[in-house]
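Biologist: Hi! Could you put the model up so we can go through it together?

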Amino acid sequence: MIGVYVVLAAVAVTAIFGLYRKATDGRARGVRGRGDQPRIAAEQVPQPLGDTATLLQFSTETCAPCKGARRLLGTIADRTPGVAHVEVDAEQRLDLAEEFGVLRTPTVLVLDRAGVVRQRIVGAPRPADVQEALSAVGVPLVGTS
């Protein structure tokens, strides 16, 4: 009988964790100020930063949600003047991944025009959350459909 309780407890904990992840994955969160704000220099990434904002995506080759994130962020950047989408392979740039606390992919950092990290999205981003994160750094909303 104790085995049944253990299994039920494990199922309950797993369900609660799953609901938590579903509620939080892909949501944009502001970056708390810790004295010096984290900043990306143009030399650290393979492509130029945007004039207004940059969507910096950390991906890996084996990450399935990264492909969808790449399409979404590319579309938003193409439709939004001054916004660039830059993708970094987290496995090849472990230094950047460690510096910016990237623990899983995809992770998207929303940078302002100076390269300062203002928003962070962990998990597959949602179009509305990306637009909201861009709006938080002063980029006007643009439709994504």
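Modeller: Here we go, a chat about strands, helices and a few side-chain links.

Modeller: One thing up front: this is a predicted model, so local features need pLDDT of at least 70 and side-chain atom pairs count only at pLDDT 80 or more, while totals for chains, interfaces and linings use all residues. Residues are numbered from 1 along each chain as its sequence is written, and side-chain values use heavy atoms, with hydrogens and water left out.

Biologist: Thanks. Let's start with β4: how many of its residues are buried?

Modeller: Six of the six residues in strand β4 (residues 107–112) are buried. Buried means under 20% relative accessible area, exposed means over 50%, and partly exposed is in between, with a 1.4 Å probe and protein chains only. Strands (E, at least two residues) and helices (H or I, at least four) are DSSP runs, numbered from the N terminus.

Biologist: And which residues point which way from β4?

Modeller: T107, L109 and L111 point one way, and V108, V110 and D112 point the other way.

Biologist: Which strands does β4 pair with?

Modeller: Strand β2 (residues 53–59) is joined to β4 by six bridges, and the two run antiparallel. Strand β5 (residues 117–122) also runs antiparallel to β4, with five bridges. Two strands pair if DSSP finds at least two bridges between them. F58 has T107 in β4 as its bridge partner, and L109 has R120 in β5.

Biologist: What's in the turn between β4 and β5?

Modeller: The two strands form a hairpin with four residues between them, and G115 in the turn has a positive phi of about 85°.

Biologist: Switching to charges, how many salt bridges are there?

Modeller: Three. A salt bridge here is a side-chain nitrogen of Lys or Arg within 4 Å of a carboxyl oxygen of Asp or Glu. One of them pairs D112 with R118, where the closest N and O atoms are 2.9 Å apart.

Biologist: Are D112 and R118 buried or exposed?

Modeller: D112 is buried because its relative accessible area is 13%, whereas R118 is partly exposed at 33%.

Biologist: Which residue does E87 pair with?

Modeller: E87 forms a salt bridge with R70, the closest N and O atoms being 2.7 Å apart. That pair links distant parts of the chain, with E87 in strand β3 (residues 83–89) and R70 in helix α2, 17 residues apart. E87 counts as partly exposed because its relative accessibility is 23%, and R70 does too, at 35%.

Biologist: While we're on α2, what does L72 touch?

Modeller: L72, in helix α2 (residues 64–79), touches P125, R126, P127 and V130, not counting residues up to four places away in sequence. Contact means heavy atoms within 4.5 Å. The C-alpha atoms of L72 and V130 are 9.1 Å apart, although 58 residues separate them along the chain. L72 counts as buried because its relative accessibility is 16%.

Biologist: Which residues of α4 are buried?

Modeller: In helix α4 (residues 127–136), the buried residues include V130, D129 and L134. Just after α4, G138 takes a positive phi of about 95°.

Biologist: Last topic: which cysteines form the disulfide?

Modeller: C63 and C66, with an S to S distance of 2.2 Å. A disulfide is a pair of cysteine sulfur atoms within 2.5 Å, and the structure holds one. The link of C63 and C66 is right-handed, with 85° about the S-S bond, and both cysteines are buried.
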